[in-house]
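Hi,

Here is the structure I promised to pass on. Have a look, and my notes follow underneath.

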Amino acid sequence: MRLSSDLRGAIVEHLAASLPNEGCGLFAVDAMGTVCHVYPVVNVDQSPFRFTVEPGGHFAAISHAESNGWEIGGAFHSHPQSAPEPSRTDIAGALDPLWLHLIVGLGGEVPELRAWRIVEGKAYEQAVTEGSATACR
């Protein structure tokens, strides 16, 4: 997956603002797997250990992405105090094996972002490379 530094910054900013709880959101991708847009969404759980994307925000993200010829490629969320690796809760809640799950660990000096594909209860790390969202427009 390709992610621009601007969109990466928007993700981290939203998640940091959600502390001490987990923050969350969705992202849209083009056919080449470039992240074109991020959708910060409210975590209705208001919990430091789990998240649920607010349904209205989810619907709005789908509508916006489809109107631009993109699709929702996955979700992002934070781990306020732990490493950016899928927890048992994250794995159990992963319903679409095509989605990527971006997890940002906020417990260190510098936020750490890692991507995962979760298939049949197993998490597989995916490369995140620097990309440009300008190709999406």
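Which side chain does E85 meet in a salt bridge? The partner is R114, at 3.2 Å from N to O. I'm using the usual sort of rule here: a side-chain nitrogen of Lys or Arg within 4 Å of a carboxyl oxygen of Asp or Glu.

Before the rest, the ground rules. This is a predicted model, so local features need pLDDT of at least 70 and side-chain atom pairs count only at pLDDT 80 or more, while totals for chains, interfaces and linings use all residues. Residues are numbered from 1 along each chain as its sequence is written, and side-chain values use heavy atoms, with hydrogens and water left out.

**Salt bridges**

The count comes to three salt bridges. Back to the E85 and R114 pair: E85 sits in the loop between β4 and α3, and R114 in strand β6 (residues 112–119), so the link joins distant parts of the chain, 29 residues apart. Helices (H or I, at least four residues) and strands (E, at least two) are DSSP runs, numbered from the N terminus.

R114 has a second partner, E125, with the closest N and O atoms 2.8 Å apart. E125 lies in strand β7 (residues 122–126), so this pair ties strand β7 to strand β6 across eleven residues of sequence. Put together, E85, R114 and E125 are linked in a network of salt bridges.

Is R114 buried or exposed? R114 is buried, at 18% relative accessible area; buried means under 20%, exposed over 50%, and partly exposed in between (1.4 Å probe, protein chains only). Its two acidic partners count as partly exposed, E85 at 39% and E125 at 42%.

The E85 and R114 side chains also make a polar contact at 3.2 Å. For that term, read a pair of N or O atoms within 3.5 Å; within protein, one must be able to donate a hydrogen and the other to accept it, and residues adjacent in sequence count only if both atoms are side-chain atoms. Leaving aside neighbours within four places in sequence, R114 is in contact (heavy atoms within 4.5 Å) with P84, E85, H101, L102, I103 and E125.

The remaining bridge joins D45 and R50, with the closest N and O atoms 3.5 Å apart. D45 is partly exposed at 29%, and R50 is partly exposed at 44%.

**Pockets**

Rolling a probe the size of a water molecule over the atoms shows where empty space is left. The set-up is a 1 Å grid over the protein atoms alone with a 1.4 Å probe; a pocket is an open set of points with protein on both sides within 12 Å along at least five of seven lines, and lining residues have an atom within 4 Å of a point. Grid points are joined across faces, edges and corners, and a volume is the space filled by probe spheres set on the points.

The largest pocket holds about 410 Å³ of space. It has 19 lining residues, and those closest to its centre are F51, G93, A94, L95 and H101. Two or more lining residues come from each of β4 (71–79), α3 (88–93) and β5 (100–105), with α3 giving the largest share, three residues. By class, the lining has ten nonpolar, six polar and three charged residues. Here Ala, Val, Leu, Ile, Met, Phe, Trp, Tyr, Cys and Pro count as nonpolar, Asp, Glu, Lys and Arg as charged, and the others, Gly among them, as polar.

The second largest pocket holds about 230 Å³. Of its 15 lining residues, V29, E71, I72, G73 and L98 are the closest to its centre. β2 (24–29) and β4 each supply at least two lining residues, and the largest share, three residues, comes from β4. The classes here are nine nonpolar, two polar and four charged.

**Backbone oddities**

Most residues other than glycine have a negative phi, and most peptide bonds are trans. Against that, a cis peptide bond joins L19 and P20, with omega about 10 degrees; P20 lies in the loop between α1 (5–17) and β2. Q46 has a positive phi near 45 degrees and is found in the loop between β3 (35–41) and α2 (55–67). E120, in the loop between β6 and β7, has a positive phi of about 50 degrees and is exposed, at 80% relative accessible area.

Cheers
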